[in-house]
Structures are given as C-alpha cells and as structure tokens.
Amino acid sequence: MPDSGKTEKLNTLRDLMVPRGPYNMIPYFIESAKGAIVFDVEGRELIDFSGGIGVLNVGHCHPKVVAAVKDQADKFLHTCFHVLMYEPYLQLARKLCDLTPGSFPKMTMFANSGAEAVENAVKIARYHTRRPAIIVFEHCFHGRTLLTMTMTSKVNPYKLGFGPFAPEVYRMPYAYCYRCPFGLRYPACNTACADYLKEFFINYVAAESTAAIVAEPIAGEGGFITPPPEYFSKLINICHDHGILFVADEIQSGMGRTGKMFAIEHWNVEPDMVTIAKSLAAGMPLSAVVGKKEIINAPHVGGLGGTYGGNPVSCRAALAVLEVFEEENLLQRAERIGIKLKDRLEAWMQKIEIIGDVRGKGTMLALELVKDRETKAPAVEETKALVTYCYEKGLILLSCGNFGNVIRLLMPLVIEDEHLENGLAIMEEGLNRLSK
Ligand SMILES: Cc1ncc(COP(=O)(O)O)c(C=O)c1O
C-alpha cells in the first residue's frame, strides 16, 4: 500500500480540528477525480460506486460542467437572486418545469441543500393548504435540519440526543415488502400499507389537518426500498380525496438514477411538488422545489428565499448537467447499466447466501445482507466488513438502511465498462469472502 505519511498527517489534523460528528467513511484524502475514478493523496486509484452519495450521475469533473463553472466564475459569482436577478436561474427553472412529471403549469424555486428544498416544500404546502400536519414514512430520510431531521426516520445517528423535534410530523409505515410492517405478502396484501392511510387519519392525525405527504419514491438512505407498482397511485388518490398535497422527495432518486429523470415516473403519477438536489449540479450546492404553479406561487412576496439559493455558478453547472444528459443519452445508459447490474446482483443472490434481497430500479440498486434468509437477521457487521474490504481493494462502496445492512450502488452513469466490471469483481470477491 502506498504511504507517503501524508494521509496520516491529514488524519491527525482532521482529528484535532474537526469534531467527530461529521463522520468519515474512508480514512483517505482525495487529490483529484475524473468520471468514476478518484485518486487520493498517496496516488491510490479508487473506483467510485458512491458518487459522493448520489451527487455525481454525470461523473467527477465532467468537462462540460467544469467549463460552465469556470465561465460563470469569470463573469460573476454572486448577487443574491433577491438583490439582482440573472438569466441562468430562469433558464434552469424553465428546464426543470419541463422535465418534472405533471402536465399542469409549474414553477421552480432554488435553495442550496436537499434539506432546504424539503423545508421549503413543507413551508409552501402549509401556506397553500393552511394546514399544519405533514405525514412522512418509516425508513425515509429527508435531511439534518430541525424539521427534516424530525421528518427523517432513523434514530441513531440522525436524531439521537438532538430533540425536542419539530411538531406536527406524523410517520406511517412504508411499503417495505421484504420486511412487511403488516406481516403480509405482495401481491396478496393488495397493498394494504397504502390503504392504511385511511386508518391513519382516524388514529394519528386528521386528514383535514394534513397539508402534505412527503415520500421518497425509493427510500434512499433507508435501503433503496422500492414500493410495488400500485402504491403511489393509491396514496395519491387518497391524498387528493382529502385536499392533501403529495410531495416526491427525489433528492437521491432523481436526475436519471433510475433510468427515468425522476423515479416517481415509474409509478405513473403526478406529484404536486418535487424536491431535487444531489446530482442536479454535479457537486455544486444547489437544490430545487418544482411544483404546481398555484401551489408554489401561494406564499407572499419575500416569504421564500435565502442568500445563496440558486447561486449562478451552481445554476450554470446544472444547465451543463442537463446538456450532458441529452448529449450522452444518460437516461438510456442508466437503464442499460441497470439491466446489466440487476442480472449480476440476481446471479450473485443465487449462490451467495448472505444476500437476502436485490431491489431497486435502473441503476438505483441495492443488496440487503442477512445472516440467515429465514430469520432475515440483518448482517450489520458483515456489511461494514464488506465496505472496508472494498475500499482497501480500491472500490468506494456505500452502505445504508435503517439496520445498516444494505449495500447501495450509486456509481456515476458515465462509468466506463472496464471500471464497472473491475468494481463488480471486487464486490463479488468481498461477498464471497463473507459467505465463507
Ligand atoms: C431523499 C433525501 N432527501 C433529503 C436529503 C438531504 O439532502 P442534503 O444532505 O443535501 O441536505 C437527502 C440526502 O441524502 C436525501 O437522500
């Protein structure tokens, strides 16, 4: 293993100067990156199956994105949209209105992070409906601010010790078919988990007090949990019967990851609002709320915004990302890689006992690891060991799931076939070792 002593020095500085709260998965420091390959300060080459947690669908440092960032940096870096407007904000708003599902007139506002987008969607939903309550789901993640941490399901590490939490957030079970919260089996269950919303209004919060349901189409941090085909149309129909808005949190599942621009399109439904971040601007901080015009336009002048929201450099980066999607047919590529990956993961499941479930859509695929396929006891230590084995062999791999036993794939969609194959070979060897 290369060792100049630099990594050790930097780790010492990190431990001296940075609190332990912001965790680090891998004890290495990056020097540069391109596509799906990262070089660290020791010259180690790593294949990236994480994309900085789903941010790099167009890859590290795509030349088009870098050129747009440099060009904008030469012109101006900041005005604050509220002080002096600029065209890239408007161009991007228009593009996102066109790209998001829904045949109705839409509008877009920008913020900086995913959590901020979710916060704004909740503000807008409450303002429009004049109702306080928000319904969210078990296993879903929406961020780390007070409101979005409250909305997030997993307690440790996200919520432990950080209460009291924000009021008027209510949590329903999610459509986690592998571990059905109702002990049922799909399709015989007739998606009882969606119908349960009607009972929820009796036992937990009144429909007429509920502003919105906020759901991830595929629960990202929660383990790439993928609801069955009827789930979201059933939920949305119940919502709309009661004047409740449906917000799709596409922060992890959006921007082409599933082979469609937004994952909710797989369910053929039209959300009232969509939150977008992560791969929107390929690493530049940017998030968006796109929604039905009459809803998102409801809050009064000055009611929404922030100093940096829709920063011009980030907007230019995002416009370049959307061009890359078109020019390089990234949606088709996501679908193509997804088919190949799913075949591979399912073949592994035939012979590798520790794999309990393979799920997801497009390239948003995951393996749930279990100690025993009958009891489904989460293989938590084994999952950690696999992640460590992989980075030591040159592959950045991420775990997730409320139990910490899911391996998720978030490689850039531009990954070269050779890098994909090499990464999969490391993963397979690691999985085989766990099963010995
Ligand atoms: C679905 C979802 N919503 C919201 C967030 C929060 O985004 P951010 O970390 O940019 O605040 C994330 C981050 O992982 C996410 O996956």
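**Close-up 1. Helix 7 and helix 8 pack at an angle of about 25° in this predicted model.** The axes of these two helices are 8 Å apart. An angle under 35 degrees counts as roughly parallel, and helix 7 and helix 8 are therefore roughly parallel to each other. Their crossing is right-handed. If you would like to find the contact yourself, look on helix 7 for Cys-193, Ala-194, Asp-195, Leu-197, Lys-198 and Phe-201. These residues meet Tyr-231, Lys-234, Leu-235, Ile-238 and Cys-239 of helix 8. Sorted by class, the contact of helix 7 with helix 8 has 8 nonpolar and 3 charged residues, with no polar ones.

**Close-up 2. Helix 3 and helix 10 cross at roughly 155°.** Helix 3 covers residues 63–75 and helix 10 covers residues 312–327, and their axes come within 8 Å. Angles over 145 degrees count as roughly antiparallel, and helix 3 and helix 10 are therefore roughly antiparallel to each other. The crossing of this pair is right-handed. From helix 3, the contact draws on Lys-64, Val-65, Ala-68, Val-69, Asp-71, Gln-72 and Lys-75. Helix 10 contributes Pro-312, Val-313, Arg-316, Ala-317, Ala-320, Val-321, Glu-323, Val-324 and Glu-327. By class, the contact of helix 3 with helix 10 has 9 nonpolar, 6 charged and 1 polar residues.

**Close-up 3. Tyr-86 and Tyr-89 form an aromatic pair.** Searching the whole structure turns up 15 aromatic pairs. In the pair shown here, the ring centres of Tyr-86 and Tyr-89 are 6.2 Å apart. Their planes stand at 70°, so the pair is edge-to-face. Both partners can be checked for burial, where the cut-off is under 20% relative accessible area. Tyr-86 counts as buried at 6% relative accessibility, and Tyr-89 is buried with a relative accessible area of 8%.

**Close-up 4. Phe-137 and Tyr-174 pair across distant parts of the chain.** The ring centres of Phe-137 and Tyr-174 lie 5.6 Å apart with planes at 65°, so this pair is edge-to-face. Phe-137 belongs to strand 5 (residues 133–137), while Tyr-174 sits in the loop between strand 6 (169–172) and helix 7 (192–203). In sequence, the two residues are 37 residues apart. Phe-137 counts as buried at 0% relative accessibility, and Tyr-174 is buried at 1%. Widen the view a little and you can follow a cluster, in which ring pairs link Phe-137, Tyr-174, Tyr-231, Phe-232, Phe-246 and Trp-267. One of these, Tyr-231, also appears among the helix 8 residues that meet helix 7.

**Close-up 5. Two cis peptide bonds precede Pro-157 and Pro-187.** Most residues other than glycine have a negative phi, and most peptide bonds are trans. The bond from Asn-156 to Pro-157 is cis, with omega near 15°. Pro-157 is in the loop between helix 6 (146–151) and strand 6. The bond joining Tyr-186 and Pro-187 is cis too, and its omega is about 5°. For Pro-187, look in the loop between strand 6 and helix 7.

**Close-up 6. Glu-168 and Phe-224 each have a positive phi.** For Glu-168, phi is near 65°. This residue is in the loop between helix 6 and strand 6, and Glu-168 is partly exposed, with a relative accessible area of 31%. For Phe-224, phi is near 55°. Phe-224 is placed in the loop between strand 7 (210–215) and helix 8 (231–241), and this residue is buried, with a relative accessible area of 0%.

**Close-up 7. Pro-378 lies in the loop between strand 12 (364–369) and helix 12 (380–393).** At 26% relative accessibility, Pro-378 counts as partly exposed. Leaving aside residues up to four places away in sequence, Pro-378 touches Arg-179, Leu-369, Lys-371, Phe-403 and Asn-405. To get a sense of scale, compare Pro-378 with Leu-331: they are 47 residues apart in sequence and 33 Å apart in space, C-alpha to C-alpha.

Terms used. Residues numbered from 1 in each chain as written. Predicted model: local features only at pLDDT ≥ 70, side-chain atom pairs only at ≥ 80, totals over all residues. Heavy atoms only, no water. Axes fitted to C-alpha atoms, helices over the stretch in contact; angles between N-to-C directions. Helix = DSSP H or I, 4+ residues; strand = E, 2+ residues; numbered from the N terminus. Parallel < 35°, antiparallel > 145°, perpendicular 65-115°, else oblique. Left-handed = near helix turned anticlockwise from the far one by under 90°. Contact = heavy atoms within 4.5 Å. Nonpolar A, V, L, I, M, F, W, Y, C, P; charged D, E, K, R; others polar. Phe/Tyr/Trp six-rings, centres within 6.5 Å; stacked < 30°, edge-to-face > 60°. Buried < 20%, exposed > 50% of the residue type's maximum accessible area, 1.4 Å probe, protein only.
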